Amino acid sequence: MSNGQNRKDIHPGLAVKIVLKANQRSGKLTAGVVKDILTNSSFHPHGIKVRLTDGQVGRVQEICK
């Protein structure tokens, strides 16, 4: 299972679990489908930032297979 730190592993339509900004302290994950990739760099230690199809924005913690 990929941890969502590499941009190359993430693409629109992918099912992921993200942590929302408001949930970073608790670590609560939100499941959804990637609509847009918001991080420009190829790697981010806290996870690539994405927008889900429902409009929520957060950093990818898990890629669902």
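A residue counts as buried here when its relative accessible area is under 20%. By that cut-off, 35% of the 65 residues in this predicted model are buried.

**View 1. The whole chain, an all-strand affair with zero helices and four strands.** Follow the sequence and you get the pattern β-β-β-β. The radius of gyration is 10 Å, close to the 11 Å that the globule rule gives for 65 residues, so the protein is as compact as a globular protein of that length. Its C-alpha trace spans about 25 × 25 × 20 Å along the principal axes. Of the contacts with a sequence separation of 6 or more, 49% are between residues 24 or more positions apart. On the outside, the accessible surface comes to about 4000 Å², and carbon and sulfur atoms hold 50% of that.

**View 2. The barrel, closed by four strands.** Going around, the order is β1-β2-β3-β4, with antiparallel pairing. From one strand to the next, the twist averages 70°. As a bit of background, strands of a sheet pair through backbone hydrogen bonds, either parallel or antiparallel.

**View 3. Zooming in on where β2 meets β3.** Strand β2 covers residues 29-37 and strand β3 covers residues 49-52. The two run antiparallel and are joined by three bridges. One pairing to look for is I37 with V50, its bridge partner in β3.

**View 4. I10, a buried residue ahead of the first strand in the numbering, β1.** I10 sits in the segment before β1, the strand at residues 15-20. Its relative accessible area is just 4%, which is below the 20% cut-off, so I10 counts as buried. What does I10 touch, once neighbours within four places in sequence are left aside? The list runs to G4, V34, I37, I48, V50, V60 and I63. Two of those names, I37 and V50, are the bridge partners from View 3. For a sense of how the chain folds back, try D36: I10 and D36 are 26 residues apart in sequence, and their C-alpha atoms are 9.7 Å apart in space.

**View 5. T30, a buried threonine on strand β2.** T30 is part of β2, the strand that View 3 shows bridged to β3. Is T30 buried or exposed? With a relative accessible area of 12%, T30 falls under the 20% cut-off and is therefore buried. Not counting residues up to four places away in sequence, T30 touches V16, K17, I18, L20, N23 and Q56. Among these, V16, K17, I18 and L20 fall within β1 (15-20).

Conventions. Residues are numbered from 1 along each chain as its sequence is written. This is a predicted model: local features need pLDDT of at least 70, side-chain atom pairs count only at pLDDT 80 or more; totals for chains, interfaces and linings use all residues. Side-chain values use heavy atoms; hydrogens and water are left out. Two strands pair if DSSP finds at least two bridges between them. Axes are lines fitted to C-alpha atoms, for helices over the stretch in contact, and angles run from 0 to 180 degrees between N-to-C directions. The radius of gyration is taken over C-alpha atoms; the globule rule is 2.2 Å times the number of residues to the power 0.38. Buried means under 20% relative accessible area, exposed over 50%, partly exposed in between (1.4 Å probe, protein chains only). Contact means heavy atoms within 4.5 Å. Accessible areas come from the Shrake-Rupley method with a 1.4 Å probe; for residues, only the protein chains shown count as cover.
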